[in-house]
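Work through the exercises below with the structure open beside you. Try each task before reading its solution.

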Amino acid sequence: MNSSFAQIYGPIAVLMIAAVGFAIAPLAMAWLWAKRFSIRKPGPVKNSSYECGLDSKDDVLIQFRPEYYLYAIVFLIFDVEAIFLLPFAVAFTGLTVSASIVMLIFLLLLVEGLVWMWRKGVLIWV
């Protein structure tokens with residue numbers, strides 16, 4: 001029990017420094033590469049649009065149909081629910097009856113939401 005602070009938190013500090021290094025090193029190398037090898041000739045031609053070579057004619061904002069946002073929200077809801085189901089699946093054999101009933105209620109609420117979306121026509125991709 002007489003461990004020093006450096007012995008306990010030293011490996012964590014080394015991993016944090018390595019994580020920061022892995023994040024910053026590619027940015028620093030790209031910056032150094034640009035400083036050393038790229039040609040600096042700013043002007044209207046170099047600063048013009050480059051994606052397809054054409055300037056945009058209309059407003060660049062594209063309006064999506066609200067149904068697409070509903071698809072995204074439904075996906076996120078079921079994705080988060082899958083995260084909640086993972087610990088249940090891992091500890092399935094060691095759970096009590098009350099924990100299993102609670103998870104069954106949770107799953108029934110999921111199915112109820114899915115049936116509601118199906119009846120409302122939210123899941124119809126048009």
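**Exercises on aromatic pairs and a buried charge**

Trp-33 is exposed, with a relative accessible area of 58%. This model is predicted.

**Exercise 1.** Classify Phe-37: buried, partly exposed or exposed?

Solution. Step 1: the relative accessible area of Phe-37 is 48%. Step 2: buried means under 20% and exposed means over 50%. Step 3: Phe-37 is therefore partly exposed.

**Exercise 2.** Find how many aromatic pairs the whole structure has, then classify the pair of Trp-33 and Phe-37.

Solution. Step 1: a search of the whole structure gives three aromatic pairs. Step 2: for Trp-33 and Phe-37, the ring centres are 4.3 Å apart and the planes meet at 45 degrees. Step 3: planes under 30 degrees apart count as stacked, and over 60 as edge-to-face. Step 4: at 45 degrees, the pair is therefore tilted. Step 5: place the pair. Both residues lie in helix H1 (residues 5-37), four residues apart, or about one turn of the helix.

**Exercise 3.** Describe the pair of Phe-84 and Phe-106, and say which helices hold these residues.

Solution. Step 1: the rings lie 6.3 Å apart, centre to centre, with 85 degrees between the planes. Step 2: this pair is edge-to-face. Step 3: Phe-84 is in helix H2 and Phe-106 in helix H3 (residues 97-120). Step 4: they are 22 residues apart, and the pair links distant parts of the chain.

**Exercise 4.** Which side chain of opposite charge is nearest to Glu-81, and how far away is it?

Solution. Step 1: Glu-81 sits in helix H2 (residues 66-90). Step 2: the nearest side chain of opposite charge is Arg-119, 18 Å away. Step 3: a salt bridge needs a distance within 4 Å. Step 4: Glu-81 is buried yet has no salt bridge.

Technical notes: Residues are numbered from 1 along each chain as its sequence is written. This is a predicted model: local features need pLDDT of at least 70, side-chain atom pairs count only at pLDDT 80 or more; totals for chains, interfaces and linings use all residues. Side-chain values use heavy atoms; hydrogens and water are left out. Helices (H or I, at least four residues) and strands (E, at least two) are DSSP runs, numbered from the N terminus. Buried means under 20% relative accessible area, exposed over 50%, partly exposed in between (1.4 Å probe, protein chains only). Lys and Arg count as positive and Asp and Glu as negative; His and the chain ends are not counted. Rings of Phe, Tyr and Trp (its six-membered ring) pair if their centres lie within 6.5 Å; planes under 30 degrees apart count as stacked, over 60 as edge-to-face and the rest as tilted.
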